[in-house]
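User: Please take a close look at the metal sites of this model, and then set them in the context of the surrounding architecture.

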Amino acid sequence: MQCLIKEDLNQTGLTLKTNYGEPVVGINDVKIKVLNASVCGTDKSIFLSNTNQGIREEMLRYTTNKNEYKPIVIGHEFCGIVEEIGAGVNKENFASLVPQIERGDYVTAEMHLNCGSCNLCASGQAHICTHVLVKGVHLDGCFADKVVVPHQNIIMLGKGGHTKLVPPKIGSMLDAFGNAVHCVSKVNLAGKTVAVLGLGPLGLMTIILAKQFGASRIYATETTDIDRRFALANEFGASHCFDVSKGTNEFYQTVLKQERKSMGVDCVFEMSGSPYAYNDAFNVVCNGGKVILLGISRAPLQNFDIAKNIIWKGVNVEGIFGRVMYSTWTLMLNLLESSGDTIIPKLEKILSSKTYTLSEYNEAFDKLVTGAEMKLTFSLN
Ligand SMILES: [Zn+2]
Ligand SMILES: [Zn+2]
């Protein structure tokens, strides 16, 4: 089969294989023929692994000998059609409660594989299981014609292959959208004031959701690709956008003026990972407000004043990783179903207009690395 692998962590780039062996279906696995697969920031870091110590260390975590990297197929955001089902799969399901997985079903998957036996897994917190392995980071992923996933990680999108509710381009980015859904599910946003820091795909998705959940004023910040991102943010419901590459004064002053009764916004979503954004987050959140952290900073924070920023303000800080397994997925699918055509057309605007083939991977990654596109999808099969 055709696939994209990461051959050498010390080199930029990926390798296209055209005669790679198909993945083997274990007794509890499902094999899926991939329709679309989307590229995210993690894939971009893997592409640039020679300059990113963090991702190199992460990809070596699962190897038995830490210096001996075994090449893997990368990619973890996809959707496709069920092609083969392990012998043990439907037998151990409670057939009356869980729909059987059948050949031809249209599915996506949670690509975080939890251990299933630790205290976190046993208490509904499998998404932060300390033994979690990610397909496409530690194990073979989905930038391939076929991918194999444990049956419990399968998310049904359409029985019999129906793609009406979620078109495949969108089906392949639900992993990312799920991160944003997880973030907004932590707060009751009805009537609340919000700041979204960073207008990459996840920041923009957060604005779509904040609006959907009834947030009142939505402030947004970004430093690059301003015209396009601000236009999308405004269209999705942001009330004020600030280019903070030119300084934060206007941002802080506007929030203070608009929100003078509470002296800040009720909730900040930090989606950028920029070290500067943490100052912004705690400067604009009101006392007693909430800061949701999703962006991943490249380096530890220096000189961060916890007393001033968190304790004396009584701020509630929450870190978000992945999607709650599986309540975030249920919430997300219910939302897509009930929102009619309000969410999906907006998500489509975040994606590049061009859909790439796997063999165009260099062009695709170049578009992400240079910032010409912020999210794109491969079309396979
Ligand atoms: Zn991702
Ligand atoms: Zn576990």
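Analyst: What follows describes the two zinc sites, then a small sheet, then the nonpolar cores.

This is a predicted model, in which local features need pLDDT of at least 70, side-chain atom pairs count only at pLDDT 80 or more, and totals for chains, interfaces and linings use all residues. Residues are numbered from 1 along each chain as its sequence is written, chains are lettered from A and ligands numbered from 1 in the order in which they are written, and side-chain values use heavy atoms, with hydrogens and water left out.

The zinc ion (ligand 1) is coordinated by Cys40 (SG), His76 (NE2) and Glu77 (OE) at 2.0 to 2.5 Å; donors here are N, O and S atoms within 2.8 Å of the metal (3.2 Å for Na, K and Ca), and since water is not among the atoms, sites may look incomplete. Along the chain these donor residues follow the spacing C-x35-H-E. Cys40 lies in the loop between strand S3 (29-39) and helix H1 (41-47), and His76 in the loop between strand S4 (72-73) and strand S5 (77-85), so the pair ties together parts that are 36 residues apart in sequence. Helices (H or I, at least four residues) and strands (E, at least two) are DSSP runs, numbered from the N terminus. Both Cys40 and His76 are buried, where buried means under 20% relative accessible area, exposed over 50% and partly exposed in between (1.4 Å probe, protein chains only).

For the zinc ion (ligand 2), the protein donors are Cys115 (SG), Cys118 (SG), Cys121 (SG) and Cys129 (SG), lying 2.3 to 2.4 Å from the ion, with the spacing C-x2-C-x2-C-x7-C. The angles among the 4 donor atoms are 104 to 115°, and the site is tetrahedral, a label given to four donors if all angles lie between 85 and 135 degrees. Cys115 is partly exposed at 33% relative accessible area, whereas Cys118, at 15%, counts as buried.

Strand S4 also belongs to an open sheet of 3 strands in the order S2-S1-S4, with antiparallel pairing; two strands pair if DSSP finds at least two bridges between them. Strand S1 (residues 3-6) is joined to S4 by 2 bridges, and Lys6 has Ile72 as its bridge partner in S4.

Turning to the interior, the largest nonpolar core has 54 residues, and Leu174, Phe177, Ile207, Phe269, Leu336 and Leu347 touch the most other members. Such a core is a set of buried Ala, Val, Leu, Ile, Met, Phe, Trp, Tyr and Cys residues joined through side-chain atoms within 4.5 Å. Helix H5 (residues 174-184) gives the largest share, 7 residues. Apart from this core lies another, of 39 residues, including Ile32, Ile46, Ile74 and Phe143.

Conventions. Four donors count as tetrahedral if all angles lie between 85 and 135 degrees; four count as square planar and six as octahedral if opposite donors are over 155 degrees apart and all others between 65 and 115; anything else is irregular.
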